[in-house]
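Visitor: I would like a close look at a single helix, and then at what else can be said about the chains around it. Please take it step by step.

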Amino acid sequence: MEPAISMEASSTDPVISARDVRVWYGTTRGAIRAVDGVSFDIAPGETLGLVGESGCGKSTLGRGLMGLLPPGAKRDGEVWFDGKDVLSMRPKDAYRLRGVELGMIFQEPLTRLNPLLRISDHFEETIKQHDPGLSKDEIKQRALDALRQMGIPPTRYRSYPHEFSGGMRQRLMIALALVLKPAFIVADEPTTALDVLVEAQIVQILNDLRRNFRTSLLLITHNVGIVAEACDRVAVMYAGRIVEQGRVADVFENPQHPYTRELLRSTISLRTTGLNFIPGSPPDLVDPPDGCRFHPRCPEAMAVCATKNPINIERPTGGRVECWLVGPQEEIPEGGTRPLKQEELAVADEA
Amino acid sequence: MPTKPDSTMPDSTMPGSGLGASPIVDVRDLSVHFGLRGGTLARLFGRDAGVVKAVDGVNLALAPGEVVGLVGESGSGKSTLGRSLLGLAPATEGSIKFRGQDLASLSRRSLRDMRRHIQMVFQDPSAALNPAMTIEEAVGDALRVHGMRSAAERRVKVIDALERVGLSPVELFLEKYPRDLSGGQKQRVVIARAIITGPSVLVADEPISMLDMSVRAKILQLMLDLKKDLGLTYVYITHDLASAKYFCDRIAIMYLGRIVEIGPTEEIFANPRHPYTKALLRAIPDPDPGRQLPRDLPRGEVPDAAQPPLGCSFHPRCSEATDICGWESRDLRTIVEAHWTRRSPEEYEAERSLVGDLDHLERPEKSATLGKEGAESARAFLDRVRSEAPDDPMWRGVDMIEDEGSGVRVRFHEGVDPALRRSGGVEVACVLYPEESEA
């Protein structure tokens with residue numbers, strides 16, 4: 001497929017390197033190609049935001065990196081962590097890596113905490129599982145430390161999950177993910193179920209994370225505002241592919257891919273003075289459109305977009321993009337740049 | 001679009017409104033309380049389990065054609081208020097009048113008739129549609145309920161409603177089930193079902209919050225188009241100030257069952273007054289990376305509505321709170337526990353043995369006892385807590401600390417529960433804004 005991607009020059013090696021990762025689910029209609037050839041690097045202490053509409057493969061990718069896919073899902077490609085390919089590891093070795101080196105934060109903390117276990121039990125079990133040599137006191141100190149950093153007072157150590165508010169529970173989940181000091185964490189929509197003010201508090205915590213720990217973070221969200229706030233780089237996902245990635249300020253101020261631009265334009269913010277939206281809806285991933293998958297909805301589609309897959313190239317100001325508008329010009333066949341006559345998109349096909 | 005604060009709207013003495021025309025919906029002193037069941041023992045001994053004041057003394061008048069936003073976090077009572085407009089949440093006190101007629105005086109039957117005129121759009125379109133009904137059945141069901149027996153007549157109306165919400169060609173949708181549609185299409189169906197009875201008021205409870213970013217604008221645009229075509233009046237319930245800013249003429253900010261600030265959208269955003277409004281505005285992440293501001297977020301979360309804070313409900317989270325905002329025992333617990341998150345384990349253990357359990361502070365009182373090793377050590381402990389966070393607004397509320405028993409008693413100033421008062425072009429419930437005398 002495309003050449004291996006080298007990100008902006010970084011003094012350190014990436015913590016995690018995904019190369020041409022694919023995940024597909026079998027259905028009676030055929031295979032759903034939820035993730036279809038995704039490559040990226042995350043540097044130590046860096047936060048990468050992953051944005052896109054629902055159903056574009058964000059969560060599948062996040063889980064795929066951890067090896068947490070439902071039975072029946074198949075995956076391919078390479079995910080390099082610490083010199084080893086996580087995807088080709090024996091399940092037992094991958095299990096050992098999870099929690100200790102690779103952590104995960106989920107959307108709904110209440111469904112991830114055992115209602116019958118005290119907070120202390122959650123922490124003690126987690127720590128014991130991965131660090132059996134520690135004494136009882138050491139375990140408690142580590143747990144209390146992690147809680148303290150998340151602003152949960154030690155007086156609540158023996159409480160049950162239901163005794164906490166929603167925001168506190170999400171802090172618990174983050175503390176639980178951090179207690180083993182993993183090198184890399186996937187946070188899948190960690191603030192979606194929370195109230196606005198609590199959401200902002202959690203975003204602040206995630207923001208501090210990259211300063212106070214060397215933890216790298218993949219932050220999956222549909223909220224571009226959160227990406228702007230808490231991420232160093234952003235990857236925009238559409239129909240199973242990352243169509244553009246780069247530094248947040250760069251990508252958001254100067255989007256190269258029409259999808260990135262339209263996604264930003266359709267976001268309602270305090271400065272919204274008119275409503276914009278993307279016509280149509282994301283494609284069926286059993287049978288995605290030929291060429292660029294965004295071409296049926298793209299306001300600037302050209303003839304070439306409907307027939308030939310766009311090539312992953314370097315963005316003019318750093319990062320990667322795959323869109324024929326950016327190039328490479330020499331690969332566009334004769335007459336490929338004339339505007340594509342779009343079939344009329346009925347509202348009926350729209351979301 | 002948004003109305004100007006002073007010039008275009010004639011002034012009126014009607015609470016919570018800036019309108020001259022007679023209101024289409026008039027809510028006066030509305031309270032909706034829910035009784036708690038409590039535990040088995042409490043019920044056996046007839047102990048009162050308490051009530052949740054979901055809506056607590058709200059005044060709101062809707063002018064015809066207006067879009068009013070109810071904005072707040074979960075537990076603010078915004079949804080309950082919205083539901084009570086349809087008679088779906090029974091009023092404990094106060095009145096709701098629709099075109100001058102009090103909903104409480106209506107029989108079940110006439111209440112149902114009345115609902116033809118006030119309809120609701122729900123947050124989660126997947127939950128709001130019956131999975132076993134086709135789109136035609138689902139949208140037409142409202143007509144059947146309201147007595148339209150002929151299926152052919154219903155079909156004509158259903159086709160018209162689906163066309164209005166942009167689901168055309170209609171034939172593609174009539175026989176479909178909700179599971180065949182996308183989120184945005186389902187929400188269009190829900191809106192079609194709401195408008196088919198020809199309502200004049202639509203209560204939309206978070207109509208776009210479950211949808212994708214790229215779809216939200218479409219649904220908002222649809223609602224604006226429908227408002228223009230059908231002359232609707234909207235109550236837009238949301239936690240999202242950004243969409244409310246674009247969509248609403250007037251905004252009511254709610255917190256724990258009360259309206260804490262209400263006024264024309266432009267004024268609310270240009271000069272937010274209530275500290276809670278300011279906090280909500282600061283909490284909205286800006287998609288422009290060049291505009292990131294340092295945040296000063298209120299601590300904690302919406303408190304338990306069954307045991308609301310004394311004084312102003314927002315005071316425990318408020319950075320501008322004064323001495324009279326209603327400080328109490330639970331605030332002392334919060335600040336002590338926050339202090340302990342910054343101490344080393346040894347320091348924490350030592351201090352903990354000094355003051356013991358804090359559970360007794362959970363009962364809301366205007367004074368609190370602390371310490372079990374003598375007054376001196378308790379005072380020293382409080383000094384340490386205070387020196388670490390000297391600017392915490394709670395210290396403004398401490399009236400005096402006196403020796404008592406094996407420790408000290410911290411007495412707080414008497415608090416006030418601020419009522420809505422006029423301030424500039426809006427009304428706000430906060431002691432920072434002195435009551436203007438009515439001109």
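Guide: Helix 6 of chain B covers residues 151-164, and its 14 residues at 1.5 Å a residue should span 20 Å; the C-alpha atoms at its ends are 20 Å apart, so the expected and computed values agree. The model is a predicted one.

Four residues of helix 6 of chain B are buried: B:R154, B:V158, B:A161 and B:L162. Around the axis they cover an arc of only 95°, and therefore they sit on the same side of helix 6 of chain B. What do these buried residues of helix 6 of chain B pack against? Their partners are helix 5 (135-145), helix 7 (171-174) and helix 8 (183-195), each of chain B. On the face turned away from the buried side, helix 6 of chain B carries B:A152, B:E153 and B:V156, which are exposed. Just after helix 6 of chain B comes B:G166, with a positive phi of about 85°.

Helix 8 of chain B also has a part in the contact between the chains. That contact takes 48 residues from chain B and 48 residues from chain A. On the side of chain B that touches chain A, the elements giving two or more residues are helix 8, helix 9 (213-230), helix 10 (241-247), helix 12 (275-283), helix 13 (329-340) and helix 14 (345-355) of chain B. Helix 9 of chain B supplies the largest share of that side, eight residues. Sorted by class, the side of chain B that touches chain A holds 24 nonpolar, 14 polar and ten charged residues.

Chain B has strands as well. Strand 1 (residues 25-35) of chain B runs antiparallel to strand 4 (residues 93-98) of chain B, and five bridges join them. Within that pairing, B:D26 has B:K97 in strand 4 of chain B as its bridge partner. Strand 1 of chain B is also paired in the antiparallel sense with strand 2 (residues 51-62) of chain B, over nine bridges. There, B:S31 has B:D56 in strand 2 of chain B as its bridge partner.

One residue of chain A can be added. A:L325 lies in the segment after strand 12 (320-322) of chain A. A:L325 counts as partly exposed because it has 18 C-beta neighbours inside 10 Å, and a buried residue would need 20 or more. The C-alpha atoms of A:L325 and A:H257 are separated by 8.0 Å, although the two residues are 68 residues apart along the chain.

Notes: Residues numbered from 1 in each chain as written. Chains lettered and ligands numbered in written order. Predicted model: local features only at pLDDT ≥ 70, side-chain atom pairs only at ≥ 80, totals over all residues. Expected span 1.5 Å × (residues − 1). Buried ≥ 20, exposed ≤ 12 C-beta atoms within 10 Å, placed from the backbone. Arc of directions from axis to C-beta. Contact = placed C-beta atoms within 7 Å. Nonpolar A, V, L, I, M, F, W, Y, C, P; charged D, E, K, R; others polar. Pairing = 2+ DSSP bridges.
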